[in-house]
Amino acid sequence: MNEPKRLLLSGDEAIALAARHAGVALGAGYPGTPSTEILEHFSELGGHAQWSPNEKVALEVTIGAAFGGARALCTMKHVGLNVASDPLFTAAYTGVSGALIVVSADDPGMASSQNEQDNRRYAVAAGVPMLEPSDSQEAYDFMFAAIELSERWKLPVLFRVTTRVCHSYTVVQPRLANGAPRLSSFERDIRGRVMIPAYARPAHRRLRQKLTELQEWNETSPLNRIVEGGAELGVITSGISFMHVREAAPEARVLKLGFTHPLPLKKIAQFVKGVGRCVVIEEGDPYLVEAIRAAGIPVEGKADMYRFGELDVPRVRRILNHDLSPEPTKPPGKPPQLCDACQYRIVFEALRKQDCIVAGDIGCYTLGVLQPFEAIDSCVCMGASLGVGLGLRHVLPPNQARRVVSVIGDSTFVHSGISGLVEMVYNPPPNGHVLIILDNSTTAMTGHQEHPGTGRTLEHEPTGKVVLEDLARSLGIRRVYVIEPHAGTGEFDRLLKDCLESNELAVIIARRPCILIAKQLKQYEDQRCECDAAQTAAPAPA
Amino acid sequence: MTKVTNIVVAGLGGQGVLTGTDILAEVALRAGYDVKKSEIKGMSQRGGSVTGDVRFGDHVFSPMVPAGEADFLLVLEPTQVEPHRYMLRPAGVLITPDAVPADQLPSRKTLNVALLGALSAHLPMAEEQWLAALRAGFAETFFEGNRKAFLIGRGGQKSKVQGPESKVPAGGEAA
């Protein structure tokens with residue numbers, strides 16, 4: 001206990017703490033590894049945080065907050081930004097009145113994701129400034145910088161982190177909290193915020209002008225720094241790769257970029273001139289190396305083999321040594337599996353037994369693809385089970401089409417399955433379709449977050465609830481069943497068989513609270529009942 | 001500048017691997033070191049392999065222990081020894097459940113803390129610092145059991161120094 005304020009924080013916690021210290025008025029997002037803990041921690045610190053049904057809605061809510069002059073934080077995993085990209089691209093045109101920080105938590109190496117896309121590309125595509133911290137201290141400090149940039153240039157800022165920044169704990173010395181949230185107030189700006197073509201054309205020019213100014217500002221920004229070293233080897237790097245570089249090549253002179261779009265190309269050119277050999281070390285896509293070379297600056301990149309997976313100290317050593325020999329494979333660990341008492345086991349056993357063709361989705365239940373079930377035939381993205389299942393039903397020969405089933409979890413269904421269900425009603429396949437919603441009353445995969453179908457807020461307080469069966473019935477689907485699957489009864493098997501043979505549209509909701517938190521969910525539910533009872537007793541609102 | 005100490009903790013989801021690394025990192029922080037802890041926990045609750053890296057010293061850069069450079073490998077589950085052995089440096093110390101007498105522990109759940117006790121005998125931090133971190137890391141009702149488990153591990157530890165003849169797969173940066 002040398003210094004009073006030395007904290008050991010994950011990158012996610014550091015972002016939350018900075019948001020709190022900087023007076024962020026609203027945080028919204030959708031759970032996704034490795035970003036989930038940001039809003040949870042922000043809430044624990046007393047911040048106003050909420051889960052949205054999906055990332056697009058979360059971004060829209062925070063755009064609104066920033067239109068109202070507030071400081072707003074939106075969090076998601078990398079693939080979430082695909083969902084939220086629509087509002088992002090146009091929010092770059094409208095700009096914001098307060099501050100808007102969009103955290104994209106990328107997952108190179110796919111510790112818990114379906115792809116390893118590199119979202120630095122989004123900063124370029126949407127035309128927004130991007131910061132990349134390397135550890136928790138920077139995650140904390142850069143949040144303040146991001147808010148300053150956002151307010152000064154009235155633009156959303158992409159705050160790009162990766163799994164090892166989010167989930168590594170490093171020492172943070174926080175500054176003093178600098179204040180209460182800014183007062184929100186609406187100022188009309190019709191030409192600035194209503195993106196009809198006539199107003200969007202000048203908005204695009206304004207955006208490009210801002211980016212030109214930002215690039216100039218970035219040339220001398222304190223967010224990029226040079227670590228002195230020998231002139232023989234120079235390294236340009238950003239994010240977590242900086243840490244690996246410092247360890248793998250302590251003798252090198254390093255240009256550490258913290259503000260990575262738009263790039264400070266003059267600074268980079270000057271750095272390259274001052275060193276003998278200059279290597280760009282970056283995880284994932286060759287984003288930096290391509291941009292630097294496009295500006296006519298000669299730098300070395302990494303071999304293609306290092307584009308895959310995370311970097312670490314040994315891999316950085318290999319890149320610097322031009323080592324193209326095959327990399328050692330790590331001995332396999334034990335893969336995760338569905339919990340022993342999970343109700344989904346019964347569902348996957350039935351699907352397997354009835355030789356179903358299963359369009360799957362994203363969540364714990366994706367583990368149904370592994371042995372002993374091997375009962376999932378596709379998994380593309382959040383909500384895709386519906387569309388993919390329907391597409392298969394439309395084109396397969398009837399004997400196969402009749403065996404197609406879409407399987408989706410409750411949180412994923414609310415995220416982006418609802419529009420797929422509308423598609424099912426609107427364009428029904430000739431032999432109907434069967435949707436199974438695996439409802440464990442929580443977002444289990446990411447650590448048990450609430451969602452609109454649980455009827456509880458991020459803080460587990462009762463709120464409006466989307467009742468899945470009511471929603472399905474309201475669309476005119478006649479066969480809507482709610483069932484709690486039990487082993488040995490054959491009840492679920494029979495229901496599935498009936499639905500498959502009916503040639504109609506059917507929705508089966510397999511409902512049982514997640515076994516891992518069943519007790520906790522029961523407590524929440526009891527609180528909810530008390531609350532409902534109290535509301536019923538109170539006089540109806542006018 | 002003192003050398004960075006590298007520790008890898010491995011086990012299966014639900015065994016307390018990450019709680020173990022939390023305590024370890026907290027002790028290093030309290031002792032005034034620079035410390036970094038890295039973990040991959042996306043699927044950890046589903047019974048799969050879980051590992052956590054803790055590094056401490058005057059100044060730590062990468063949060064991940066490079067393969068073949070772990071000074072200590074602490075394994076909570078016998079089946080997880082071989083998959084993670086490549087992380088250990090030659091002459092690094094392997095600590096397995098054999099290092100503590102299972103029948104004397106207050107409960108099976110305290111195995112992670114007992115193994116931390118075994119590890120603690122090799123590290124420079126004082127016993128009070130460990131106990132303070134254990135007290136801070138759990139609800140007060142668990143402290144007595146954890147204290148007992150920790151001291152059993154700390155007192156009776158038998159750990160294996162990986163000899164030069166031990167297998168370090170090609171992945172190890174064995175020097």
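**Chain B, its contact with chain A, and a helix pair**

Chain B has five helices and six strands. Keep in mind that this is a predicted model. Below is a quick look at how chain B is put together, how it meets chain A, and how two helices of chain A pack.

**Chain B on its own**
- Walk along the sequence and the elements of chain B come in the order β-α-β-β-β-α-β-α-α-α-β.
- Of the 175 residues in chain B, 54% are buried.
- Take the contacts in chain B with a separation of 6 or more: 69% of them link residues 24 or more positions apart.

**Where chain B meets chain A**
- On the chain B side, 35 residues are in contact with 33 residues of chain A.
- α1 (17–30), β2 (34–39) and α2 (81–84) of chain B each chip in at least two residues to that side.
- β2(B) gives the largest share, six residues.
- Sorted by class, the chain B side has 15 nonpolar, ten polar and ten charged residues.
- β2(B) also pairs across the chains: three bridges join it to strand β8 (residues 168–172) of chain A, and the two run antiparallel.
- Within this pairing, Y169(A) sits opposite K37(B).

**A helix pair in chain A**
- Helix α3 (residues 55–67) and helix α4 (residues 78–94) of chain A have axes that come within 7 Å and cross at roughly 30 degrees.
- Because of that angle, α3(A) counts as roughly parallel to α4(A).
- The crossing of α3(A) past α4(A) is right-handed.
- Residues in contact include L59(A) and I63(A) from α3(A), with L81(A), V83(A) and L88(A) among those from α4(A).
- By class, this helix contact has nine nonpolar, one polar and four charged residues.

Terms used
Residues numbered from 1 in each chain as written. Chains lettered and ligands numbered in written order. Predicted model: local features only at pLDDT ≥ 70, side-chain atom pairs only at ≥ 80, totals over all residues. Axes fitted to C-alpha atoms, helices over the stretch in contact; angles between N-to-C directions. Helix = DSSP H or I, 4+ residues; strand = E, 2+ residues; numbered from the N terminus. Parallel < 35°, antiparallel > 145°, perpendicular 65-115°, else oblique. Left-handed = near helix turned anticlockwise from the far one by under 90°. Contact = placed C-beta atoms within 7 Å. Nonpolar A, V, L, I, M, F, W, Y, C, P; charged D, E, K, R; others polar. Buried ≥ 20, exposed ≤ 12 C-beta atoms within 10 Å, placed from the backbone. Pairing = 2+ DSSP bridges.
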